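Thanks for making the time this morning. I would like to take you through one structure, starting with its aromatic rings and then turning to its cores and pockets.

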Amino acid sequence: MRRIRRPSSLAARLAWLVVMGPFLLFFCVPVVWLLLAPTKTDSQIVRDNPFSFGSLGSIADAWHHLYAFQDGAILTWLQNSAVYTFGALVVTLMTSIPAGYALALTRFIGRRTLLTITMLVMLMPTAAMVLPLYLEINAVHLDGTIWSVILPFSFFPFGVYLTYIYFSSNVPADLLAAARIDGCSEWQVFRLVAMPLAKPVIALVGFFNFVGNWNNFFLPFVMLPDSSKYPAQVGLNNLLAASPLFNTSSGTGNQILRPELALATLITIVPVLVVFLFSQRALVSGMLAGATKE
């Protein structure tokens with residue numbers, strides 16, 4: 001029987017470059033341009049090579065103009081984003097982890113119904129839920145407050161489902177039963193046995209919730225009427241509206257041009273990048289949890 005020869009390593013690499021090269025260019029080129037844009041003036045961005053480096057002084061000028069917009073509104077927006085995101089993160093972890101544990105490792109009436117509802121809500125587009133959430137928040141007179149953002153941000157059925165999958169496949173029921181036989185209450189079983197084993201999925205749920213809430217635009221835009229309470233993503237929309245490049249009625253004296261917009265975008269990306277870099281080991285562990293069974 002004739003043996004099939006495997007393609008050489010060089011041929012495999014060339015095939016990989018041919019297939020993946022266009023995708024890498026498509027995603028990497030805009031990022032490189034964004035990193036270089038604050039180093040140049042607005043006229044240099046238009047006139048010079050798009051991938052040329054300007055000067056560090058141009059970055060300082062861009063920051064000065066950006067900070068001058070509405071007396072340092074960019075810092076207020078970043079602070080608001082931190083309050084909304086971390087506030088929602090705490091509530092999410094306090095609710096999603098126990099909910100996933102209960103669905104996975106306890107038996108009660110209505111358990112399957114709750115699990116089905118969780119999965120159905122998880123599949124619904126987030127934008128489709130903004131209007132019902134706004135009506136609920138308005139009914140309890142919380143619209144325009146920080147709770148009108150934190151409470152909807154804390155609604156995270158995907159985190160409940162992730163936790164359910166993790167506890168179902170990685171925490172032996174016999175281990176929990178042994179703890180109960182030793183005299184532990186249900187709360188002690190959860191706190192002393194299940195929680196220490198759930199660190200990977202806690203990190204995973206926290207990361208997804210943080211990134212989704214930090215980058216959320218539509219819900220805060222609907223909930224908050226006051227620009228001083230906007231998070232960073234909605235604040236970027238204000239910068240676009242105030243720039244004569246995107247809004248001709250804003251006037252010619254405004255200094256929000258391409259370098260300032262690029263710098264503001266990079267500043268809003270930094271927190272997500274920092275969180276990812278410091279939590280990537282826990283993220284990989286959480287993503288691989290449940291992939292194999294002993």
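A search of the whole structure, which I should say at once is a predicted model, finds 15 aromatic pairs. The one I would like you to look at joins tyrosine 101 and phenylalanine 167, whose rings sit edge-to-face, with 5.4 Å from centre to centre and 80 degrees between the planes. Because tyrosine 101 belongs to helix α4 and phenylalanine 167 to helix α8, the pair ties together parts that are 66 residues apart in sequence. Both partners are worth checking for burial: tyrosine 101 has a relative accessible area of 4% and is buried, and phenylalanine 167, at 0% relative accessibility, counts as buried as well. The pair also belongs to a wider group, since ring pairs link Tyr101, Tyr166, Phe167, Trp187 and Phe190 into a cluster.

Staying with helix α4, please find leucine 103, which lies in that helix. Is leucine 103 buried or exposed? At 6% relative accessibility it counts as buried, because the cut-off for that term is under 20%. Once its neighbours within four places in sequence are left aside, leucine 103 is in contact with Phe108, Arg111, Leu114, Leu115, Thr118, Val160 and Tyr164. The C-alpha atoms of leucine 103 and isoleucine 165 are separated by 9.5 Å, although these residues are 62 apart along the chain.

Let me move on to the nonpolar cores. In soluble globular proteins, nonpolar side chains tend to be buried together. Here the largest nonpolar core has 33 residues, and those with the most contacts inside it are Trp77, Met223 and Leu239. Several helices give two or more residues to this core, including α3 (56–68), α4 (73–105), α7 (147–154) and α14 (258–288), and α4 gives the most, with 6 residues. Apart from this core lies another, of 23 residues, among them Leu105, Val193, Ala194 and Val201.

If we now pick out methionine 223, its contacts, leaving aside neighbours within four places in sequence, include Val130, Tyr134, Ile137, Ser148, Val149 and Pro152. One of these, valine 149, lies in helix α7 and is buried, with a relative accessible area of 0%. Not counting residues up to four places away in sequence, valine 149 touches Tyr84, Leu219, Pro220, Met223 and Leu224. By contrast, proline 98 is 51 residues from valine 149 along the chain, and their C-alpha atoms are separated by 22 Å.

Finally, the pockets. How much space lies in the largest pocket? About 370 Å³, and this pocket is lined by 18 residues, of which Thr126, Pro152, Phe155, Phe156 and Asn216 lie nearest its centre. The largest share of that lining, 4 residues, comes from α11, and by class the lining has 13 nonpolar, 5 polar and no charged residues.

The second largest pocket holds about 200 Å³ of space, and of the 13 residues that line it, the closest to its centre are Leu114, Thr118, Phe155, Pro157 and Val160. Helices α4, α5 and α8 each supply at least two residues of this lining, which divides into 9 nonpolar, 4 polar and no charged residues. You may recall that Leu114, Thr118 and Val160 were also named among the contacts of leucine 103.

Key
Residues numbered from 1 in each chain as written. Predicted model: local features only at pLDDT ≥ 70, side-chain atom pairs only at ≥ 80, totals over all residues. Heavy atoms only, no water. Core = buried A, V, L, I, M, F, W, Y, C linked by side-chain atoms within 4.5 Å. Buried < 20%, exposed > 50% of the residue type's maximum accessible area, 1.4 Å probe, protein only. Contact = heavy atoms within 4.5 Å. 1 Å grid on protein atoms, 1.4 Å probe; cavity = no way out; pocket = protein on both sides within 12 Å on 5 of 7 lines; lining within 4 Å. Points joined across faces, edges and corners; volume = space filled by probe spheres on them. Nonpolar A, V, L, I, M, F, W, Y, C, P; charged D, E, K, R; others polar. Phe/Tyr/Trp six-rings, centres within 6.5 Å; stacked < 30°, edge-to-face > 60°.
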